[in-house]
Amino acid sequence: MSNQANTSSDQMHSVLQESRKFPPPTDFASRAHIKSPEQYEQMHRRSVEDPEGFWGEAAKDLHWFKPWDSVLEWNMPDAKWFVGGKTNLCYNCLDRQVNAGLGDKTAIVWESEAVDADGKPNVIRLTYADLLKKVSKFANVLKQLGVKKGDVVTIYMPMIPELAIAMLACARIGAPHSIIFGGFSAAAIRDRVEDGKSKIILTADGGWRRGKAVPLKQNADDGMDLTSLVETCVVVQHAQNDITMKPGRDQWWHELMQGASDDCPAEELDAEDLAFILYTSGSTGKPKGIMHTTGGYMVYTYLTAKHTFDLHPEDPDELFWCTADIGWITGHSYIIYGILPNRVPTLMYEGGPNFPAEDRFWDIIERHKVTKFYTAPTAIRAFMKWGDEHVEKHDLSSLKLLGTVGEPINPEAWMWYHEKIGGSKCPIVDTWWQTETGGHMLTPKPGATTTVPGSCTTPALGIDAAAVNSEGEEVETNTGGILVIRKPWPAMLRGIYGDRDRYIDTYWTKVPGLYTAGDGARKDEDGNFWIMGRIDDVIIVAGHNLGTMEVESALVSHASVAEAAVVGFPHEIKGTGVAAFVILRTDMPTGDEAEVLKKELAAHVGKELGPIAKPDQIKLTEALPKTRSGKIMRRLLRDIAAGVEITSDITTLEDKGIVEKLQRG
């Protein structure tokens, strides 16, 4: 690895440099939708300079009941796309395929970690025709329960087929859904129900996670006890665990479905009708209800899925697997809404990646012959720690492309993914985007982009991205700046539900007139973007801006380190010090051996990034405080590093005992 520090006085930061580059495999590029850098550059230039023409053509791939009058109306910070057009997300996911004679083609492959009586994996395959029938029936159920266009439907379900059916049924009748991730608490359910003024919750008795049934219905009951809004709760019988059904409020899914008609025409919705609300939590304060509308989101997720994952419906072997939960935007966009319109099968998995053993994902890929695999860096680092033997016992030769999502990926984790999972033959698409953006913003184009470990490379089509200072001026090459988007895109959020002022303050005031993502970034000499971490996580040490991501990547490049999280803490001399929490690939050392390793790791960071980046604190740990979605809760680490009492909410942590262990040191 060639990582060299740049610590000259005019460069007020340290830069992790990466010399390894990987052009697209020739055979992959020859069949790709975007086959060369020149083709991408030409398409990207047109998409930014002529957005109306570009997106108007893209939208014609999909079905519209009525064409739009104009492609874009932009009154900063408000965008309207495909103005006057009438369409339906569900219709484009299902009816469009059935009407094209593809009703018998597989739409969803579902697998649960739970096995049947013979010990075989529990697998269900649903065709477009199967889904259309079930979705239409449940759409009629919703209508019978009094749900009307515009009513917010809260969904709190495990990763089961009924979750996909429920969200598509909502889209079919124009009832915005608000999906809550199954790891969230009763208080989180109450907050989202009350903010969305939702009178109905769809849930299940339980969902499987590492061999145990997560008590979703009980959590939902506890949430409903905290609010008087919910009038109806529909329950899927799935895990067969004991639950309480409240008369007059709770109803069984299967009983409601028995008498429902499977004839339910899709509503002709305006392109700007609200499609869904998805709540994203900041480190403090009330969750933000991100609003996405129908037409622009539909077109953008369709096209980004097609190009980022190079999806080919004509390939009979194509099978796409995104390992995210549908409770996150990744699941919304790249399990359901962006994939089904591309007419390739999408795999849904319910359960943990290490049950019943740590090779479960590789077993799934081998059995189902997955071709495109999309997962999170936090999962990849866990796979590395578990050991190569779990990978090597499986045939992963069906894989043609790998993707990462959720946070930047450390270069060494990228290389392991490339070599061990991709067999050094699969392009990796390292995607940067947010709940707010709806779809990919920065990502390689797998047939055209020379990838670099740790970089999300170049903007998606239609995206005008830049790293700027607080006045909106582009910063110099390899200088950290604020990541902004300078022009509107179809899937951009339309606001925060019920809170206009917060929408403007959060996204449009840090750099006036430009969408501010909240992340720091730099652009290298090849035009590739590198995410440096949240703006709030950039550590200013003695006047130098250090990106937490780059310090973490330097640590993970050490042979002993599996994962690292870096935060700042108050330092009486430097102003801010650097604290690193490190998970090892090896057994945990103690005593003098641990101290020697800490000094070695600090020196390694100094060598990679320069002396200013050397951690002041290094804590060796067996785990990091993570949410059920795999995100590291850095605000807790900041409190631990500073030695202050933790008073913030930790209900979404997967293992609350980790915090106590870290506090003990």
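# A guided tour of the chain

Residues 24 or more positions apart account for 70% of the contacts in this chain with a separation of 6 or more. Keep in mind as you look around that this is a predicted model.

**The whole chain.** Start with everything shown as a cartoon. You should find 20 helices and 29 strands. Along its principal axes, the C-alpha trace spans about 70 × 55 × 50 Å. A compact globule of 665 residues would have a radius of gyration near 26 Å, and the 24 Å of this chain agrees with that. Of those 665 residues, 62% count as buried.

**The seven-stranded sheet.** Next, select S12, S11, S8, S6, S7, S14 and S15; in that order they form an open sheet with mixed pairing. Which strands stand at the edges? They are S12 (250-252) and S15, and each has a single partner strand, so one side of each is left without a neighbour in the sheet. Look along the sheet to see the twist, which averages 25° from one strand to the next.

**Strand S15.** Now zoom in on residues 288-293. Is this strand enclosed or open? Six of its six residues are buried, so S15 is largely enclosed by the rest of the structure. Show the side chains and compare the two faces: Lys288, Ile290 and His292 are on one side, Gly289, Met291 and Thr293 are on the other, and all of them are buried. Add strand S14 (residues 274-280), which pairs with S15 in the antiparallel sense over six bridges. To find your place along this pair, look for tyrosine 279, standing opposite glycine 289 of S15.

**Helix H10, then H3.** Select residues 294-308 to bring up helix H10. This helix lies across S14 and S15, and runs at about 80° to S15. H10 also leads to the next stop, helix H3 (residues 51-59), whose buried residues are Pro51, Phe54, Trp55, Gly56, Ala58 and Ala59. What do they pack against? Their partners are helix H2 (37-49), strand S1 (70-75), strand S2 (78-83) and H10.

**A crossover late in the numbering.** Jump to strand S28 (residues 575-584) and strand S29 (residues 617-620), which pair in the parallel sense over four bridges. Valine 582 stands opposite leucine 620 in S29. Follow the chain from S28 through helix H18 (residues 591-609) to S29, and you trace a right-handed β-α-β crossover.

**The cysteines.** How many disulfides does the structure hold? The count is zero. Select cysteine 233 and cysteine 170: the latter has the closest cysteine sulfur to that of cysteine 233, but at 14 Å it is too far for a bond. Cysteine 233 is buried, with a relative accessible area of 0%. Cysteine 322 is in no disulfide either, as the nearest cysteine sulfur, in cysteine 93, is 15 Å away. This residue also counts as buried, at 1% relative accessibility.

**Last stop: asparagine 99.** Finish with helix H4 (residues 89-99), where asparagine 99 lies. Buried or exposed, what is asparagine 99? With a relative accessible area of 57%, asparagine 99 is exposed. For a final distance, select valine 405 as well: the two are 306 residues apart in sequence and 33 Å apart in space, C-alpha to C-alpha.

Terms used: Residues are numbered from 1 along each chain as its sequence is written. Side-chain values use heavy atoms; hydrogens and water are left out. Buried means under 20% relative accessible area, exposed over 50%, partly exposed in between (1.4 Å probe, protein chains only). Two strands pair if DSSP finds at least two bridges between them. A crossover is right-handed if, with the strands pointing away from the viewer, the path from the first strand over the helix to the second runs clockwise. Axes are lines fitted to C-alpha atoms, for helices over the stretch in contact, and angles run from 0 to 180 degrees between N-to-C directions. Contact means heavy atoms within 4.5 Å. A disulfide is a pair of cysteine sulfur atoms within 2.5 Å. The radius of gyration is taken over C-alpha atoms; the globule rule is 2.2 Å times the number of residues to the power 0.38.
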